[in-house]
Amino acid sequence: MTAKVISLQIKPGIQRDGTLFDASGFTDGRWVRFQRGRPRKMAGYRGMFLNSPEVSRGMIMKSQNGLNYLYSGSESFLKMWQTDNNNGIGTGPFNIGFSGEILTLSNLVGGSGYTNGTYTAVPLNGGAGISATATIVVAGGIVTTVTLVSGGFNYVIGDVVTASDAVLGGGGGSGFSIEVTNLENDFVVDADNLWQFDIGFDSGNGGVSSLVAHPGLNLTNIDNTVNTPVFSGTFPGGGLIPLADTGGSSPTGDPIEISGGCVLLHPYLFVYGNDGLIRNCSAGNFFDWNSADANETNVATGKIVKGLAVRGGTTSPSGLFWSLDSLVRVSYNPTTVGASTFFWRYDIISQQTSIMSSSCVIEYDGIYFWCGIDRFLMYNGVVQEIPNQFNMNYFFDNLNYIQRQKVWVSKVPRWGEIWWFYPKGDSTECDDAIIYNVREQIWYDTGTAIGARRSAGAFSEVFRRPVWADNQENTVGTYTLWQHETGVNEIYLNNENAIESYFETNNIGWVTGGPGAQDPVGPNQWIRLERIEPDFNQEQDMSLYITGKSYANDVADTSTPYVFSPDTLKIDMREQRREMRLKFESNIVNGDYETGQILLSADFGDERGTGNP
């Protein structure tokens, strides 16, 4: 019988759900993506910086004046690296220090003098860091010493602080604040800091671009109610101060502390947290939270955990805010009722939604995608589920739910991809990623590739490549910031290592219709594969494995590798299986491939079983 020449046609995506025999798409893969429905190797990554002191728990990357600035927040530090905008070559880390007002005391005497003694203060970190007492020593109207008591340690401020420096709002019983410096190691409570950043224009701070940062304490529990301060400083710059309400018609000097996070809906800074709290400053002034256009309200019963700016049309600025069980839209919509003007409108989009973590939401071309606790969702005017028949069970059944707050999302617009990184099985750090290709509308994953062991990252904007942070120590005891989508190898120091990439087809046996078909029933004969004509844009050698079974519940029988080069015209063989799959692998330095139209020469083989019962 003459062998049939058949084109290998497999549905794109990697199908993990269901049974191996029933799959209509590729059944396995590692570090492989799909373009035009064809598999191709994902790009490589380069060790951009090897000196991050701790696991990153939040990143932001912005460019200004031809330079790229990368901020990374961890358990104990906030660091910044500076690079060019092309190849990611630069220096760092630069330390981002913390200083500024941390105590708001209510015992101002007459607005002009102070009484020696112990005063009650608003603590940093909601009582978890600095204690609630401060001893003030005054001589001749000048505060000479302030001692903060925290966990048995005394912090003495040696700088002289005058009464005029200490009074917020110029007296009148408004309370006063004491300034301290070098807070870097004082604001950290534990390893649960999950940083959020944003950059916006702050006209109240001299009309400069400002970095806003919030070290949330919610890696352990997404509904953690512990408030922490919001910090702000000039971008790019070397220091941040805690935000306080020091402006407006009724200055209080109270620190801005929240449990959720912060987001800029230009020119407003919004903060959010417990009990559905959403609060915003006055336009362009991060230190004014009392003017007419500033507002504070509770819009949901659950904690607000994420906010993002959204296109608003005539009601700009607008934003979306995710609580644990609802989605809320906030819009600037000044409305006068009688003698009062209301500036903001709050609309509940859905009260039947969920969110996996505060870092799992991303905007892609004006549409918002996120991971719920049991499905994937999107918002484009209405909330919709993203269909996923490939790996939804694979993701939710294997996720280490105790570590759900470490799930985070990034994107690779070059290939139309959204990546959700997650800790798999009993892993406590992310070691796999599930990928939705918006352009192809298909799903696949990284197959627990080493390149998916990342804890946080920033995607490309002006800088053209994503930067993702490693969550495992490197050879020098620090953590690497990787520049992804770079070359085809893993580049670390002067070493270039191969990145394993492979894909495996579904069953191409005659019993399901043969290659390129998925009929319910076919002839009960084995498929005998005689030749494969590879069609790849290929660099370096690749390997082909023939694998398969006699029955769906049988043990797989895999061949030795058939190695082929970019110049190979055909691969001859005499392999037969009743249920056959093909695995193509690249695992060599400088290896790369893009799949074309592969031709198979196949014939009917034996009409027999394996001898098993």
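Two strands count as paired if DSSP finds at least two bridges between them, and the strands themselves are DSSP runs (E, at least two residues), numbered from the N terminus. With that in hand, take the hairpin of S10 and S11, which has five residues between its strands. Gly 88 sits in that turn with a positive phi of about 70°. Strand S10 (residues 78–84) and strand S11 (residues 90–95) pair in the antiparallel sense over four bridges, and Gln 82 stands opposite Thr 91 in S11.

A word on what you're looking at. This is a predicted model, where local features need pLDDT of at least 70 and side-chain atom pairs count only at pLDDT 80 or more, while totals for chains, interfaces and linings use all residues. Residues are numbered from 1 along each chain as its sequence is written, and side-chain values use heavy atoms, with hydrogens and water left out.

**Confidence**

pLDDT is the predictor's confidence in each residue, from 0 to 100. The protein chain has a mean of 84, and 81% of its residues reach 70 or more. Over residues 101–134, though, the pLDDT is below 50, and this stretch has 109 contacts in the model beyond near neighbours in sequence (a contact means heavy atoms within 4.5 Å). Residues 148–189 also stay under 50, and here the model has 112 contacts beyond four places in sequence.

**Sheets**

One open sheet has six strands in the order S42-S43-S44-S7-S45-S46, with mixed pairing. Strand S42 (454–458) and strand S46 (495–497) are its edges and have a single partner strand each, so one side of each is left without a neighbour in the sheet. On average, neighbouring strands here are turned by 25° against each other, direction ignored; the strand axes are lines fitted to C-alpha atoms, and angles run from 0 to 180 degrees between N-to-C directions. Inside this sheet, S43 and S44 run antiparallel, and Ala 469 faces Leu 481 in S44 across the pairing.

A second open sheet, also mixed in its pairing, runs S12-S24-S23-S21-S20 with five strands. Its edges are strand S12 (97–98) and S20, each with a single partner strand, so one side of each has no neighbour in the sheet. Within it, Ser 232 stands opposite Ile 241 in S24.

Elsewhere, S48 pairs with both S52 and S55. Here are some of the antiparallel pairs side by side:

| Strand pair | Bridges | One opposite pair |
|---|---|---|
| S43 (467–470) and S44 (479–484) | three | Ala 469 and Leu 481 |
| S23 and S24 | two | Ser 232 and Ile 241 |
| S48 (527–533) and S52 (571–577) | five | Ile 532 and Ile 571 |
| S48 and S55 (599–604) | six | Arg 528 and Asp 603 |

**Loops with unusual backbone**

Two prolines follow cis peptide bonds. Phe 235 and Pro 236 are joined by one, with omega about -15°; Pro 236 lies in the loop between strand S23 (231–234) and strand S24 (239–242). The bond from His 266 to Pro 267 is the other, with omega near 5°, and Pro 267 is placed in the loop between S26 and strand S27 (268–273). Then there's Trp 31, which has a positive phi of about 50° although it is not a glycine. Trp 31 is in the loop between strand S4 (28–30) and strand S5 (32–35).

**Pocket and cavities**

Both terms come from a 1 Å grid over the protein atoms alone: a cavity is a set of points where a 1.4 Å probe fits but cannot get out, a pocket is an open set with protein on both sides within 12 Å along at least five of seven lines, and lining residues have an atom within 4 Å of a point. Grid points are joined across faces, edges and corners, and a volume is the space filled by probe spheres set on the points.

The largest pocket has a volume of about 920 Å³. Of its 40 lining residues, Met 59, Phe 197, Lys 306, Leu 308 and Phe 459 are the closest to its centre. Elements giving two or more residues to the lining include strand S8 (59–64), strand S30 (304–310) and S42, while S20 gives the most, with five.

The structure holds two cavities of 30 Å³ or more, and the largest has a volume of about 90 Å³. Among the residues lining the largest cavity are Leu 8, Phe 26, Arg 38, Phe 503 and Ile 598.
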